[in-house]
Amino acid sequence: MLQLMLLMILFSVMRLEFVLFGDAQLVDCLESNREALLTFRNGLNDPQNRLSSWKGSNCCRWLGIRCENSTRAVIEVDLHNPHPQGSDSSSRYGFWNLSGEIRPSLTKLKSLRHLDLSFNTFDSNPIPELFGSLKNLQYLNLSNSGFSGSIPPNLGNLSTLQYLDVEFLGLLVNDLEWVTGLVSLKHLVMNGVDLSMVGSNWIRTLNKLPSLTELHLSSCVLSGSINPPLPFVNLTSLSVLDLSLNQFNSKIPNWIINISSLITLDISYSGLFGRIPLGLSDLPNLQFLYLSGNDNLTASCYQLLRGRWEKIQVLDLASNKLHGELPASIGNMTFLTYLDLFVNNVEGGIPSSIGKLGNLIFFRISGNNLTGTLPEFLEGTEPLPSLQDLDLSNNHLVGKLPEWLGQLENLVHLGLDYNSLNGPIPASMGLLQNLTDLGLGGNQLNGTLPESLGQLSELSSFDVSSNHLTGLVTETHFLKQGKLKYLHFSSNNFTFNVSSNWVPPFQVWNLDMRSCRLGPSFPAWLESQKEVKFLDFSNASISGPIPSWFWEISSNLSLLNVSFNHLEGQLPSPLIVAPFADVDLSSNLFKGPIPLPIVEIELLDMSSNTLSGPIPSNIGDSLPNLVFLSLSGNHIIGEIPVSIGNMQYLGVIDLSNNNLTGSIPSSIANCSYLKVLDLSKNNLSGHIPRSLGQLSMLQTLHVSDNNLSGELPSTFLKLSSLEMLDLGINRLKGKIPPWIGQGFQRLRILSLRSNAFSGELPTVLSKLSSLQVLDLAENQLNGSVPASFGNFKAITEFQDINHYLFYGTYRGTYYEDHMVVNTKGQSLRYTKTLSLVTSLDLSGNNLSGDLPGEMTRLLGLMVLNLSGNHISGHIPKTVSELKQLSSLDLSRNRLSGVIPQSLASLSFLGYLNLSDNDFSGKIPFTDHMTTFDASSFAGNLGLCGSPLAVKCAGDGGDDDPGNRGTTTTDNSSGESFIDNWFYMSVGLGFAAGILVPCFILSLRKSWRDAYFQFIDEFVRRRSWLKHR
Amino acid sequence: MASLTLSFFLSFLFLFSPALSTNSEGNALHALRSRLSDPTNVLQSWDPTLVNPCTWFHVTCDSNNHVIRLDLGNSNVSGTLGSELGELKHLKYLELYRNEITGKIPKELGKLKNLVSMDLYDNKFEGEIPKSFKKLKSLRFLRLNNNKLSGSIPRELVKLSNLKVFDVSNNDLCGTIPVDGPFATFPAESFENNRFSGPELQGLAPYDFGCGST
């Protein structure tokens, strides 16, 4: 549609030049006409004196005027602006622009047939009614001429009008009935005119214009069905129908497939749904079909494309719901130049018959479900000779890149990104001399990068990122790439090997080189690159300092990412980057004070370095728009600046793992968009500010491992978005407030570990329905474990879906949440899989009372640690319900009774500690229990049997450590296997000799079988008797 | 548009994930994961981008981050084992019982010098008991029962002086049953439902004639 419009514009421009210079009129014009034109001109505003030729007597020679030779009457006034805004020459728009009013003297030009005022800015009044009295008008073009409001219905008087163009967004029509007066009309353009008041009657109205050949109603705010029953279709001459960019909510109407004269049909982006009628393929003249962007049109690709499509050139079916495979017959659509199936559900492979499409220029099936390999060979003598655009990205294609790709000599864009293609990149692709975009990213391509690609002199975008490519990248790979702007080499196994004085032939904008080995020292060739905007050298094996020249080219950088290298030295202050940049210098060896950027930026990550000194106190005033701040894992000292609260858009503050002192500034509460606050592992002291309760968007709060004192502020009740509350290892005291159980419906993890909390465990904690990890260990809690602790909803079910817990995502950077969980006698730091962890740790308190049997309702529980309390009672038999249990520590309590046999069925248990209790009886040393040694059971005076050295009373002989999971441990006979055979041997008699039967048996299979059958039977019976 | 979205998503995935584990034990376990089919998602925490496998569920490490236990009994996994398990040099407990694992028992398991317990019972292992098991000097529990193992019991296993429990019942083993060393104490049930020709007769050349020929 856009292309069409541009064509029209181009056409009219050419026409004007012709009028101007090629058709000088020799006749004198009528004086009445001359006067009328002069009066008309006086109404116009022509600041650049475009109409300077409008003087003298012969008005027929004036710019834009044409007269009829015989009558000397003016028949044409063409004042359109040939350089409309949006065109290539729009810089000249101002010179040509006319404005002002349309004077009525125009109506004195009685013979006027052609009037073109398009692309000017006449006063934004309604279209003057006087146009309706220009009775002889055949051509009226008011397109984009500045008029607005209602189109006057008296235009319907122009019964000889053949061409009417009123395209403009500011116009509207209340009632379209006047159009039926335009009985000669062939060409109607109303693009952009608001026809929403007309309703769906427009079809019936326009059906009364039998001469109509072109109808353009794009962006007319038309809505409702376009499917009214028409008695008959009068539009028998219609060749162009453009209804794009409306909101029909309709199926494609059947009357359209009856208009056999149609050449162009455009109903793109119009809210159509339902099946695409196969009848469209039978329209004998159809060349251009645009149905893209309707989202809900369906069709079987296979059926649809097997239709006749006799003259089809353009098939634009993008962004719909086409399914099925491409038929092999697609190769018969000889005239096809443009096929777009972007974002549909096309399946199957690419037929080799496409090779026969000799006129095909544009072929796009990206974002579908294509499978299989690309055809190894294409049909046709010279396959796809015209192809410029080939885009098959975002499918599921597998296999190798075929050689024919290198023979598409007119190819400009190649997109095969995000498939599962493998094998090497064919060297022949270096032959694609017109290629500007090479997209091979996100596949499984392997091998080395062919040096021939350095011959691609037109290449602008070179994307081979996220593959399995290896080997050296040298200067040859870029030899002729003087136009390269986008270089995406990240996530491969490349090693750059270029000379230290290499000056690349390009001036690149994007350098996406993550995980390429660019080192060992900072790449010197970068010094020549003055236009780089996005620089990602992360994880690029670069060591040593950043050279000083880098900070001379860095002022254009909107992305500076050199994280995960071994860069060292001090950073310059100020840091020079472009305004609103993302700066990621994390995980290096930078030292010295923290520099601030010279301009405002939005992301600053300097975590995991060895930066020292304080956080600049003016950070909040220098970077008021900062969204992401991480300085964790450095040697930062001093206090957290109060100005931090001036950065009101901060989503993430991570200052963890430093040596910060002082108290937490209450001004942090001004960062009302804060989602992440991590101040853990510092030396912060004082109380937790009550104001933090205002951070209603806060999702994760870590202040563990500090010296914070006082009680938990009751304002925290308002932190309703909180998923992680980590207050462990501080000096907090007081009771665990019961209100914690009230809000916090999203709280996954609550850690109050290693503080001085006292009092009883609130029963209501179990109302935390999302809680997976409850760590209250190492406090002074007393009372019993509430029975309600068997009700933690999120632990009563097995968590089998991992939700990667990351927060505060900003342009690809995010804060990854983490938690140290004590399990299996170790402290393990969980990150990506944290959401799968379930743990109850109440160890190291003064808890007493019986172990509640309700705990075995926590079917998803993985870690249970109640050690170091005074808990009594026994392990319930139902403990075997806890099938996910991997660590069970009940040591150092007063538990008693027998260890239930069912405990031995917990096959995921990797750690068991029952030591130092009062358990008694025989250890059920069978099944999985045999994987635990004596240390798991030590310190229980009443326990006996393996693996302890203590034998159980009444147990004779050796222990039987439970073969193959049987629960029978009875082996009282003490006889071992060899005895059976001894008796048997005696029974048979040594006298018979051994060698004889051996010899015989070795000769005769049937004897041998009988002999051993006998022995087997004998042994079986003996065993049976023994077990009786 | 979709390509943009996807590429953004992918760069987001790759951009900030730390370098892949260089930990050979993690690699070995990841190789194991790729061989196994895991319908109940018990291995979903096995994320190779984590620094070491110690936070992977069903894996236990010692204080030096060496893998010492693999507890995957009863976990509905199927597939095969590979040679990479031999890389778990510190492994003490290999618990893979009651699954649907097929194929041969890799001979590289013989490299697990610290192994105390190898429980492969109730699977569908086939092939022979690797002779390399003779090197498992710490082994106390070797339960291979209820599989489809064939061939004979490697005589070299008599050298495993710590072996307390040995069970190969319900297989397709043949040949003679060793009687030396720890084999002197194993009960008859440990050998039943095989095609053994009888005990090895002491003082004479072992007669393993006919094994596997019926």
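Mentor: A nonpolar core here is a set of buried Ala, Val, Leu, Ile, Met, Phe, Trp, Tyr and Cys residues joined through side-chain atoms within 4.5 Å, with buried meaning under 20% relative accessible area (1.4 Å probe, protein chains only). This is a predicted model, in which local features need pLDDT of at least 70 and side-chain atom pairs count only at pLDDT 80 or more. Residues are numbered from 1 along each chain as its sequence is written.

Trainee: Which residues touch the most other members of the largest nonpolar core?

Mentor: That core holds 265 residues. It draws at least three residues from each of domain 1 (30-123) and domain 2 (723-734 + 745-950) of chain A, with bounds from an automatic or database domain assignment. Those touching the most other members are Phe131(A), Trp202(A), Phe462(A), Phe489(A), Leu526(A), Phe537(A) and Phe550(A).

Trainee: How many residues are in the other core, apart from that one?

Mentor: Good one to ask! Among its members are Val821(A), Leu96(B), Leu120(B) and Leu173(B). The count for this core is 73 residues.

Trainee: Why do the buried residues of α2(A) lie on the same side?

Mentor: Helix α2(A), a DSSP run (H or I, at least four residues), spans residues 31-42. Its buried residues are Asn33(A), Arg34(A), Ala36(A), Leu37(A) and Phe40(A). They share a side of α2(A) because, judged by directions from the helix axis to the C-beta atoms, they cover an arc of only 165°.

Trainee: Against which strands do the buried residues of α2(A) pack?

Mentor: Strands are DSSP runs too (E, at least two residues), and contact means heavy atoms within 4.5 Å. The partners, in chain A, are β1 (44-45), β2 (65-67) and β3 (74-78).

Methods
Chains are lettered from A and ligands numbered from 1 in the order in which they are written. Side-chain values use heavy atoms; hydrogens and water are left out. Buried means under 20% relative accessible area, exposed over 50%, partly exposed in between (1.4 Å probe, protein chains only). The expected span of a helix is 1.5 Å times one less than its number of residues.
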